[in-house]
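Thanks for passing this one along. Here are my notes, set out point by point for you to check against the model.

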Amino acid sequence: MDAAELVGKVFLPLSLAIIMLGMGMTLVPADFTRIVKYPKAILIGLTNQLVFLPLIGFTLATVFDLNPVTAVGIMILASCPGGPTSNLITQVCKGNIALSVTLTAIASFISILTIPFILSHALAHFSGTTDVAIRLPIVDTIIQIMGITVIPISIGMFIRRHRTNFAIRMEKPMRIASTVIFILVFIAVLAANAEKLVEGMKAAGLVTLLLNLATMGLGYLTAHLFKLNLRNRISITIESGIQNGTLAFVIATSILNNIEMGIPTGAYSIWMFVTGGILMWVWGKRPDVDAA
């Protein structure tokens, strides 16, 4: 196992699972039932992720007249849902963690159906290929959602319920730990994938930056237009712009058997860590006011 595989398959999932455990200790069941009772935020977030994100990706690939391989790579990225990293960033930004986790889980399951549909049309449009069967690793996707997100958060909520004082004391230390782990993961990703990242920035740096900024900007704008509070706006902004890069790279390299299609994912990874870090710096410093 080389350095890149060690980071992607061991260090990153383990780190995120630990952070999810900490997040769970800040949540109670009412956080989720409140969302179900007032589903507007979920509908806005899912519309951004599953409809507007692919449309923005398609528009950018067309406007910049990208070569077919890079264009399909952009569409792979744009069709993927948010991943656990978005939950981590949301926590540090003091967004609505329950909304972020809910959007990640629901979008991940729905994308099992939407990704094959989007990519089949993207392949036909950009490369003229119509005979590629796209079958996602459904079991692996479910295991990832359960193992990295659902189970650790459930354990954290169990601790919160039965050891409430301990969980409350741990909120600030876990937020600090989340920031530290975010920085360490960013450094590890850079170090382990240096060559791929340089290549990705050369081939798709500008387009992936615009994709990241446009999706985050649209996420914030739509949440603001529908008069959601700041915590919900933060969650939707981050969920709209932080994609599951691991899933995108698996689709490109293992399902479509084209490493070059995974190059935009490398570039996007840089930008989403940079913009996510900026949001953590800006929003994470504000007073933790629920209704702000």
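The points below cover the source, the core, two helices and one residue.

1. This is a predicted model, where local features need pLDDT of at least 70, side-chain atom pairs count only at pLDDT 80 or more, and totals for chains, interfaces and linings use all residues. Numbering runs from 1 along each chain as its sequence is written, and side-chain values use heavy atoms, with hydrogens and water left out.

2. The largest nonpolar core (buried Ala, Val, Leu, Ile, Met, Phe, Trp, Tyr and Cys residues joined through side-chain atoms within 4.5 Å) holds 65 residues, of which I76, C93, L211, I236 and I251 touch the most other members. Helix α6 (residues 97-126) supplies the largest share of this core, 12 residues. Helices here are DSSP runs (H or I, at least four residues), numbered from the N terminus.

3. Beyond residues up to four places away in sequence, C93 touches I234, I238, L279, M280, W283, G284 and R286. Contact here means heavy atoms within 4.5 Å.

4. Look next at helix α5 (residues 84-92): 9 of its 9 residues are buried, meaning under 20% relative accessible area with a 1.4 Å probe, protein chains only. After α5 comes K94, with a positive phi near 65°.

5. Helix α4 (residues 68-79) is largely enclosed by the rest of the structure, because 10 of its 12 residues are buried. Among them are G73, I76 and S79.

6. Finally, T237 sits in helix α11 (residues 230-241) and counts as buried at 4% relative accessibility. Leaving aside neighbours within four places in sequence, T237 is in contact with M216, G219, Y220, L279 and W283.

How values were computed:
Buried < 20%, exposed > 50% of the residue type's maximum accessible area, 1.4 Å probe, protein only. Helix = DSSP H or I, 4+ residues; strand = E, 2+ residues; numbered from the N terminus.
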